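This report describes the assembly shown below, beginning with its core and proceeding to its sheet and its domains.

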Amino acid sequence: MAYNLKQEASKPERFVGGHRLCAGCGAGVAVRGVLRALNDEDKSVSGVATSCLEVSSFLYPFTAWNDCFIHSAFENVAASVAGAEAAYKALKRKGKVKDNYKFIAFGGDGGTYDIGFQALSGAMERGHDMVYVCYDNEAYMNTGLQRSSATPKFAEVSTAPVGSKIPGKMQYKKDLTETIVAHNVPYVAQTTFTSNFKDFHEKAHKAHYTEGPAFLNILAPCPRGWRYPPEDLMAICKLAVDTCVWPLYEVVDGDWKLTYEPKTKLPVTDYLKPQGRFSHMFKPGAEWMLEDFQAHVDKKWERLLKKCK
Amino acid sequence: MIYVKDANLNLAWNEVNIGGNIYGGGTSLEVNTGDWRLLIPAWIEEKCKHCMLCFPTCADSSIPVKNEKREDFDFKHCKGCGVCFKVCPFGAITWEKEDK
Amino acid sequence: MGIRERLSGNEAVAIALKQINPDVLAAYPITPSTEVPQYFAQFVADGQVDTEFVAVESEHSAMSACITATAAGGRSATITSACGLALMWELLYVASGTRLPVTLAVVNRALSGPININNDHSDSMGARDSGWIQLYSENNQEAYDNYIMSLRIAEHKDVMLPVMTCQDGFITSHAIENIELLEDDKVKAFVGEYKPEHSLLSGESISMGPYDTPMFYFEHQYQRARAMVDSKQVILDVSKEFGDLTGRYYGLFEEYKMEDAERAIIVLNSTAGTAKAVCDELRAKGEKVGILKLRVYRPFPMEEIAKAISHVKAVAVMDKAESFSAAGGPVFTDVRSACYELATRPHIINYIYGLGGRDVPVDVIHFVFDELKKVVADNKPGEIYRHVGVRGV
């Protein structure tokens with residue numbers, strides 16, 4: 001069925017207001033979008049890794065979740081959701097559960113790329129019928145903007161500050177999406193928020209309704225950590241895509257497909273300039289950083305194009 | 001079973017839910033996050049084409065849509081981030097300092 | 001009248017699990033408990049159970065999966081030892097704090113480091129304050145019986161706490177002994193169905209595992225602490241019911257020739273067997289000695305133990321775990337504290353023994369009883385924090 005935003009917007013909301021995420025937070029937008037892609041008749045169980053999302057969306061006794069929710073720890077959300085999915089299979093087989101449930105694990109980049117990576121790898125390999133969603137805001141925002149392996153090179157974060165000797169984080173961002181592709185899972189996709197959310201929605205829907213494990217990596221900007229005005233959320237996402245810093249693609253049963261190719265590939269400076277975390281890259285003498293960043297993006301983009309043929 | 005309306009600091013240990021469970025979803029709607037706002041959006045119904053581009057960008061689920069038509073903001077939960085104002089192609093949303 | 005068999009402790013637990021047929025079993029291999037998931041995987045492969053067996057990539061994930069499987073309304077179980085239990089640590093507290101009746105069979109083994117694969121109790125003793133009920137087992141029969149009872153205790157509405165049942169690695173986990181098994185239908189009838197009041201898959205909306213602010217956290221912890229207090233009666237009730245079914249009755253602890261004992265040893269798990277043998281030998285010579293074998297360590301039967309040893313002149317508490325407190329092992333400090341309010345109380349000394357699989361022959365028990373003789377004669381305990389079986393000490 002063709003994507004129809006008006007119809008999607010008319011569905012009952014599964015993630016409601018009153019949570020304590022910051023104004024303009026990418027995580028809230030991501031969760032709403034992922035849950036919206038569920039078919040109306042399906043119920044869901046979401047597990048959330050300890051994160052901004054978790055501590056903001058369920059402070060006893062206030063939950064923003066209209067469906068079922070469970071949190072237990074930081075590094076285990078994939079195993080947690082796998083356990084619920086395993087119980088579902090057993091109980092369904094025994095006729096003890098009537099409704100159809102979908103299982104979703106949400107983690108931030110810290111909970112996914114770093115501390116939760118082992119549990120994620122295990123759950124993907126074992127083939128649980130679940131969707132793992134990483135809302136990637138490129139640092140440990142919940143604890144105050146520390147470096148993660150998802151933090152881009154040169155970004156200024158609190159544990160890789162810009163100093164007189166070292167200009168921010170000195171390593172490139174880990175490519176987690178490719179790593180999950182290497183697990184041979186049936187559906188892997190990378191997306192973010194684009195104008196009408198078609199790319200996002202279609203990927204989330206495919207992820208939910210692909211049998212077996214699926215992985216969605218969602219670039220979910222953090223206005224506080226990235227130091228841009230909150231109202232510019234959608235502009236930042238568009239620049240991430242149009243500069244090819246965050247390409248949109250999916251891998252279905254090992255087949256790579258680019259889902260968006262910018263008509264004009266913009267220079268990375270367009271994306272970096274509006275964000276305070278990269279401001280030191282625009283000072284005199286820092287040109288080499290911009291060149292390095294651009295060269296890395298170009299190289300990754302060319303490789304991706306080859307994979308997608 | 002404790003409902004949110006009863007959640008207050010007078011509750012004794014045996015009046016709060018076991019393990020911190022909450023039964024029934026969406027209880028955060030009780031929380032007024034509207035008072036976080038510095039700037040407030042306003043919806044100009046005459047200019048709105050109901051294109052819905054604002055709807056999915058709201059982190060606070062504060063743009064209600066019924067039967068494919070958007071309605072006025074949920075000001076109890078809108079934090080005034082301004083993302084919807086920025087994406088509206090028709091000038092149907094304003095975003096200005098809130099008089100409190 | 002039961003099924004007579006000859007089984008190792010690991011096989012006994014595996015058979016209990018087969019009879020229980022849990023919804024989810026999530027486990028990761030670690031010596032000496034590995035055999036249990038191996039046997040169980042074969043039951044799955046042969047279609048003898050309809051459990052979802054999740055061969056997780058770590059013990060941390062094993063406990064994580066059990067927590068949510070139980071939250072989802074399933075019955076879940078896992079098995080581990082030593083470092084595996086240590087890796088579960090964080091989640092042990094989550095399981096009890098979220099009030100989920102997970103059951104865990106611990107095959108006790110020394111914690112690293114340095115690494116050692118043999119028996120002591122450093123693993124489960126370290127977890128004694130995690131909000132889990134702990135049951136200890138002298139032999140394969142008790143490991144089997146305790147495990148079957150553990151579900152009923154954990155899932156009782158007044159409890160809703162996870163339970164770990166412990167047995168000694170290699171000593172009972174691998175030694176083959178006679179055992180009397182219950183028939184499958186009797187086990188199934190005894191454990192019944194797990195029907196939680198609320199669960200993730202019941203059709204209702206439920207949120208579990210909140211960020212619990214200072215407004216409510218303390219009340220939730222008090223609930224958990226009260227449940228541990230209340231669990232004592234439930235353990236007694238379930239044990240009575242089990243005794244009526246099998247003829248094997250269990251209490252919070254076993255008093256062996258304690259009635260007129262002047263000297264006593266308090267011990268748990270397999271060493272109790274050795275201690276009883278020595279006790280018999282000394283009794284034959286007319287010595288008034290007795291053994292108190294602790295079965296339930298959490299909740300700690302404080303008043304009951306104090307009462308049981310109040311008439312004894314000298315007690316040695318034997319800890320198969322160090323606590324590195326410089327003030328004695330965990331069981332010792334609990335027992336000694338329990339006796340504080342007694343009008344007349346025994347002298348109580350502590351022996352740390354058997355660490356990392358150090359053999360515990362009858363000589364060790366004889367030595368301890370001899371030392372107690374000196375304590376009685378001197379009417380003072382002398383050094384309280386002692387070690388036995390360490391060369392040069």
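## Core packing around Val13(C)

Two residues are taken to be in contact if their C-beta atoms, placed from the backbone, lie within 7 Å. On that basis, and leaving aside residues up to four places away in sequence, Val13(C) touches Val36(C), Ile79(C), Ala105(C), Ala143(C), Tyr144(C) and Tyr147(C). The model is predicted, and its local features are reported where pLDDT is at least 70.

Val13(C) also belongs to the largest nonpolar core, which has 250 residues. Within this core, Val133(A), Val13(C), Ala65(C) and Ile266(C) are the residues that touch the most other members. Helix α4 of chain A, residues 77-93, gives the most to the core, namely 11 residues.

## Helix α1 of chain C

Helix α1 of chain C covers residues 9-20 and has 12 residues. From its first C-alpha to its last it reaches 17 Å, close to the 16 Å expected at 1.5 Å a residue. Is this helix enclosed by the rest of the structure, or is it open? Because 11 of its 12 residues are buried, α1(C) is largely enclosed by the rest of the structure.

The buried residues of α1(C) include Val13(C), Ala14(C), Ile15(C), Ala16(C) and Leu17(C). Polar and charged side chains also appear in that list, among them Asn10(C), Glu11(C) and Gln19(C). After the helix comes Asn21(C), whose phi is positive, near 55°.

## A sheet across three chains

Strands of chains A, C and B form an open sheet of 10 strands with mixed pairing, in the order β10(A)-β9(A)-β7(A)-β8(A)-β6(A)-β5(A)-β1(A)-β4(A)-β9(C)-β1(B). Its edge strands are β10 of chain A (255-258) and β1 of chain B, each of which pairs on one side only.

Within chain A, strand β1 (residues 43-48) and strand β4 (residues 68-70) pair in the parallel sense over 3 bridges. Here Gly47(A) has Ile70(A) in β4(A) as its bridge partner. Between chains, strand β1 of chain B (residues 22-23) runs antiparallel to β9(C), and 2 bridges join them. Ile22(B) stands opposite Ser207(C) in β9(C).

## Contact between chains B and C

How many residues does each chain give to this contact? Chain C gives 19 residues and chain B gives 11 residues. On the side of chain C that touches chain B, the elements giving two or more residues are β9 (206-208) and α8 (217-246) of chain C. The largest share, 4 residues, comes from α8(C). By class, this side of chain C has 7 nonpolar, 8 polar and 4 charged residues.

## Domains of chains B and C

Chain B is divided into domain 1 (1-30) and domain 2 (32-100). Their centres, taken over C-alpha atoms, are separated by 30 Å.

Chain C is divided into domain 1 (3-246) and domain 2 (253-388), with 28 Å between the domain centres over C-alpha atoms. The contact between them takes 28 residues from domain 1 of chain C and 21 residues from domain 2 of chain C. On the domain 1 side, two or more residues come from each of α5 (122-126), β6 (133-136), β7 (163-168) and α8 of chain C. Helix α8(C) gives the most to that side, with 5 residues. The residues of the domain 1 side divide into 11 nonpolar, 12 polar and 5 charged.

Key: Residues numbered from 1 in each chain as written. Chains lettered and ligands numbered in written order. Predicted model: local features only at pLDDT ≥ 70, side-chain atom pairs only at ≥ 80, totals over all residues. Domains from an automatic or database assignment. Core = buried A, V, L, I, M, F, W, Y, C linked by C-beta atoms within 7 Å. Buried ≥ 20, exposed ≤ 12 C-beta atoms within 10 Å, placed from the backbone. Pairing = 2+ DSSP bridges. Expected span 1.5 Å × (residues − 1).
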